[in-house]
Amino acid sequence: MSVRKNPILLESSHLLIPAILLFALYVQFHGDYGPGGGFQAGVIFASGIILYALLHGIKRAEKVISLNTAKIFAALGLLLYAGVGVFGILLGGNYLDYNVLAHDPIHGQHWGILIIELGVGLTVAAVIISIFYAFAKFKR
């Protein structure tokens, strides 16, 4: 029996994949308070999409997140990361100086880390999904 036709795997994926994606969001937004952060959240999110692709096929997975969408998210994450650094320079600080991002340094640090980690998470998830799509479409 193929993995794609196994009803137990297909039904359990309906429970697991939303939980995996939700856990990725938890890791993303609690990374500055505990273990985790953008890289880990991006890997967890991509693993959920890859599991979906393995069970339902690459064409259905590309309807959820296409290769072009993944490329756009990768570029958007990079722009977020670099944009925070440039924004800090425009406000009179150094590159990635978060202290100048808000009215007090503590809030600036919080906002800076949150946005940087979001950029990292977007980029990591999009690049891993893109690499998976490239290998999945590779033909001998």
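## Helix 4

The cover over the buried residues of helix 4 includes helix 5. The model described here is a predicted one. In helix 4, which runs over residues 67-90, the buried residues are A70, A74, G77, V84, G85 and G88.

Helix 4 is built from 24 residues, and the distance from its first C-alpha to its last is 34 Å. That is close to the 34 Å expected for helix 4 at 1.5 Å a residue. After helix 4 comes G92, where phi is positive and near 100°.

## The chain as a whole

The protein chain contains five helices and zero strands, and its pattern along the sequence is α-α-α-α-α. Along the principal axes, its C-alpha trace extends over about 60 × 30 × 20 Å.

The protein chain has 140 residues, 31% of which are buried. Taking contacts between residues at least 6 apart in sequence, 61% link residues that are at least 24 apart.

## Helix 2

Helix 2 covers residues 38-56, and its end C-alpha atoms lie 27 Å apart. How does that distance compare with what 19 residues should span at 1.5 Å a residue? The expected span is also 27 Å, so the two values agree. Just after helix 2, G57 has a positive phi of about 100°.

The buried residues of helix 2 are G38, A41, G42, I44, A46, G48, I49, I50, Y52, A53, L55 and H56. They pack against three elements: helix 1 (7-29), helix 3 (58-64) and helix 5 (105-136).

## H56 in helix 2

H56 is part of helix 2. Its relative accessible area is 15%, and because the limit for a buried residue is under 20%, H56 counts as buried. Setting aside residues up to four places away in sequence, H56 touches L10, S13 and H14.

## The largest nonpolar core

In soluble globular proteins, nonpolar side chains tend to be buried together. In this model the largest nonpolar core consists of 14 residues, and I49, A61, I65, A70, I129, F132 and Y133 have the most contacts inside it. Helix 2, helix 4 and helix 5 are the elements that contribute two or more residues to this core. Which of the helices gives the most? Helix 2 does, with five residues.

One of the residues with the most contacts inside the core is I129. Neighbours within four places in sequence aside, I129 makes contact with A46, I49, I65 and A70. Of these partners, A46 and I49 are among the buried residues of helix 2, while A70 is one of the buried residues of helix 4.

## G108 in helix 5

G108 belongs to helix 5. With a relative accessible area of 0%, G108 is buried. When residues up to four places away in sequence are not counted, G108 touches Y98, L101 and A102.

D97 is 11 residues away from G108 along the chain, and the C-alpha atoms of the two are separated by 8.7 Å.

## The largest pocket

The largest pocket has a volume of about 260 Å³. Its lining is made up of 16 residues, and those nearest the centre of the pocket are L25, F45, G121, L122 and A125. By class, the lining has 13 nonpolar residues, three polar residues and no charged residues.

Where do the lining residues come from? Helix 1, helix 2, helix 4 and helix 5 each provide at least two of them. Helix 5 supplies the largest share of this lining, with six residues.

## The cavity

Rolling a probe the size of a water molecule over the atoms shows where empty space is left. How many cavities of 30 Å³ or more does the structure hold? It holds one, and the volume of the largest cavity is about 30 Å³.

Q28, D32, I113, L114 and E117 line the largest cavity. Helix 5 gives three residues, the largest share of that lining. The classes represented are nonpolar with two residues, polar with one and charged with two. The lining of the largest pocket, by contrast, has no charged residues.

Technical notes:
Residues numbered from 1 in each chain as written. Predicted model: local features only at pLDDT ≥ 70, side-chain atom pairs only at ≥ 80, totals over all residues. Heavy atoms only, no water. Helix = DSSP H or I, 4+ residues; strand = E, 2+ residues; numbered from the N terminus. Expected span 1.5 Å × (residues − 1). Buried < 20%, exposed > 50% of the residue type's maximum accessible area, 1.4 Å probe, protein only. Contact = heavy atoms within 4.5 Å. 1 Å grid on protein atoms, 1.4 Å probe; cavity = no way out; pocket = protein on both sides within 12 Å on 5 of 7 lines; lining within 4 Å. Points joined across faces, edges and corners; volume = space filled by probe spheres on them. Nonpolar A, V, L, I, M, F, W, Y, C, P; charged D, E, K, R; others polar. Core = buried A, V, L, I, M, F, W, Y, C linked by side-chain atoms within 4.5 Å.
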